[in-house]
There are 2 protein chains.
Amino acid sequence: MTTLLEQRLTDHRIKPTAMRLLVLEYLLSRQSALGLSDIEKAMAPADRITIYRTLKTFEQNGLVHLIDDGTGVHKYALCDNCDPAEHHDTHVHFYCTVCKETYCLPDTKIPDIGLPAGFILSEMNLIVKGHCDKCRL
Amino acid sequence: MTTLLEQRLTDHRIKPTAMRLLVLEYLLSRQSALGLSDIEKAMAPADRITIYRTLKTFEQNGLVHLIDDGTGVHKYALCDNCDPAEHHDTHVHFYCTVCKETYCLPDTKIPDIGLPAGFILSEMNLIVKGHCDKCRL
DNA sequence: AAAATATTTGCAATGCAATTGCATTTTTAT
DNA sequence: ATAAAAATGCAATTGCATTGCAAATATTTT
């Protein structure tokens with residue numbers, strides 16, 4: 001018998017090991033994007049490197065996407081509707097300067113940009129900073 | 001007698017030292033955004049830390065702006081029309097995945113984004129990746 | 001002009017996060 | 001059961017930003 005968690009991994013051709021199930025479960029339990037250190041703390045005393053490679057595997061198989069939120073730390077968040085093979089998460093990410101959480105805004109698409117002549121676009125990253133709804137004054 | 005380079009520094013309340021003039025001159029000679037290591041190589045054997053602090057001074061005085069182009073390395077570029085006191089360079093930056101250069105697109109503004117209810121915007125960073133006009137096939 | 005003060009510079013050192021090498025353990029295939 | 005492949009854990013490295021502190025330089029005051 002396979003659980004839903006296991007299913008989610010195998011759907012992305014990821015073998016469901018104990019560590020991977022734990023990391024996936026933790027990602028599901030949180031709604032914001034997490035850094036390696038965040039996950040490491042929650043998984044203590046599991047090995048940092050193993051978690052790192054777990055996330056890398058997830059990322060390469062279209063289960064999570066890697067976010068550069070401008071803090072200099074890589075953040076990981078579950079993909080909503082990416083192909084198992086290819087990412088297409090062109091949504092905006094929001095960094096709250098109060099609670100320091102990074103959120104995906106899956107419904108906010110990046111608008112088209114007019115580039116100068118001769119420039120060819122392959123990807124875009126838009127990160128918005130401010131106060132999130134929970135941290136409003 | 002003061003040169004144009006000196007003038008540009010003093011306009012931003014920066015004392016024109018030899019190092020600062022050299023760094024400013026180099027920034028002017030290049031049209032793309034540069035990382036600390038780029039500048040360090042060009043200034044060799046000048047001290048890396050001194051250049052770092054020179055750029056920090058420039059940044060704090062509105063002469064250059066700091067760019068996060070997603071490579072994980074800070075890039076610096078001369079401000080076009082920022083106040084000496086306050087930056088307002090809300091333009092898009094372009095990272096060419098071929099030549100690895102980062103360009104300011106001063107005429108391409110970041111469009112307004114509709115945020116979810118309760119989210120308050122304070123700043124935005126949009127970085128576009130692709131091929132620049134020189135690296136087109 | 002000399003002394004006192006402030007600023008700039010250069011070296012050493014630290015800190016933090018990403019990443020790789022390699023040996024060990026575990027899983028999968030023959 | 002044995003061989004091959006994959007996953008794990010530890011140690012170590014790398015790269016970059018950043019700070020502390022002392023020496024050098026420039027500025028101000030007496």
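Is F119(B) buried or exposed? In this predicted model, F119(B) has a relative accessibility of 15%, and since anything under 20% is taken as buried, F119(B) counts as buried. That ring is a handy way into the contacts between the protein chains, and the DNA comes after.

Over all chains, the structure holds 4 aromatic pairs. One of them brings together Y103(A) and F119(B): the ring centres sit 6.3 Å apart and the planes meet at 85°, so the pair is edge-to-face. This pair crosses between chains, running from Y103(A) in strand β5 (residues 102-109) of chain A to F119(B), which sits in the loop between β5 (102-109) and β6 (120-131) of chain B. Y103(A), with 10% relative accessibility, counts as buried. Ring pairs also tie F94(A), Y103(A) and F119(B) together into a cluster.

F119(A) and Y103(B) make an edge-to-face pair too, because their planes stand at 90°, with ring centres 6.2 Å apart. Here F119(A) is in the loop between β5 and β6 (120-131) of chain A, while Y103(B) is in strand β5 of chain B, so this pair joins two chains. As for burial, F119(A) counts as buried at 15% relative accessibility, and Y103(B) is buried with a relative accessible area of 9%.

Now for the DNA, starting with strand D. There are 16 residues around DNA strand D, and those that come nearest are T17(A), R20(A), R53(A), Y52(B) and H74(B). Looking at the atoms of DNA strand D within 4 Å of the protein, 64% are from sugar or phosphate, and bases supply the rest. Chain A reaches both kinds of site. The side chain of T17(A) places an N or O atom 2.8 Å from a phosphate oxygen of DNA strand D, and the side chain of R20(A) does so at 3.0 Å from a phosphate oxygen. R53(A), on the other hand, goes for a base: an N or O atom of its side chain is 2.6 Å from a base oxygen of DNA strand D. Two or more residues of the surface near DNA strand D come from each of α2 (18-29) and α4 (48-60) of chain A, and from α4 (48-60) of chain B. With 5 residues, α4(B) gives the largest share of that surface. By residue type, the surface near DNA strand D splits into 6 nonpolar, 3 polar and 7 charged.

Strand C has its own set of neighbours. Around DNA strand C there are 16 residues, of which Y52(A), H74(A), T17(B), T50(B) and R53(B) come nearest. Sugar or phosphate accounts for 66% of the atoms of DNA strand C within 4 Å of the protein, with bases making up the rest. Phosphate oxygens of DNA strand C are approached from chain A by a polar side-chain atom of Y52(A), at 2.8 Å, and from chain B by one of T50(B), at 2.9 Å. R53(A) turns up again with this strand, as one of its polar side-chain atoms lies 3.4 Å from a base oxygen of DNA strand C. The elements giving two or more residues to the surface near DNA strand C are α4 of chain A plus α2 (18-29) and α4 of chain B. The largest share, 5 residues, is from α4(A). The residues near DNA strand C comprise 6 nonpolar, 3 polar and 7 charged.

Helix α2(A) deserves a word of its own. Its 12 residues, at 1.5 Å each, should span 16 Å, and the C-alpha atoms at its ends are 17 Å apart, which agrees. Buried residues in α2(A) are M19(A), L21(A), V23(A), L24(A), Y26(A) and L27(A). Their cover includes α1 (4-10), β1 (34-35), α3 (36-43), α4, β2 (64-68) and β3 (74-78) of chain A.

A few backbone oddities round things off. Most residues other than glycine have a negative phi, and most peptide bonds are trans. The bond from A44(A) to P45(A), however, is cis, with omega near 5°, and P45(A) sits in the loop between α3 and α4 of chain A. In chain B, a cis peptide bond joins A44(B) and P45(B), with omega about 5°; P45(B) is in the loop between α3 (36-43) and α4 of that chain. K100(A), not a glycine, has a positive phi near 65° and belongs to the loop between β4 (91-96) and β5 of chain A. R13(B) likewise is not a glycine, yet has a positive phi of about 60°. R13(B) lies in the loop between α1 (4-11) and α2 of chain B and, at 74% relative accessibility, counts as exposed.

Technical notes
Residues numbered from 1 in each chain as written. Chains lettered and ligands numbered in written order. Predicted model: local features only at pLDDT ≥ 70, side-chain atom pairs only at ≥ 80, totals over all residues. Heavy atoms only, no water. Near = heavy atom within 4 Å. Polar contact = N/O pair within 3.5 Å; in protein donor to acceptor, adjacent residues only side chain to side chain. Helix = DSSP H or I, 4+ residues; strand = E, 2+ residues; numbered from the N terminus. Nonpolar A, V, L, I, M, F, W, Y, C, P; charged D, E, K, R; others polar. Expected span 1.5 Å × (residues − 1). Buried < 20%, exposed > 50% of the residue type's maximum accessible area, 1.4 Å probe, protein only. Contact = heavy atoms within 4.5 Å. Phe/Tyr/Trp six-rings, centres within 6.5 Å; stacked < 30°, edge-to-face > 60°.
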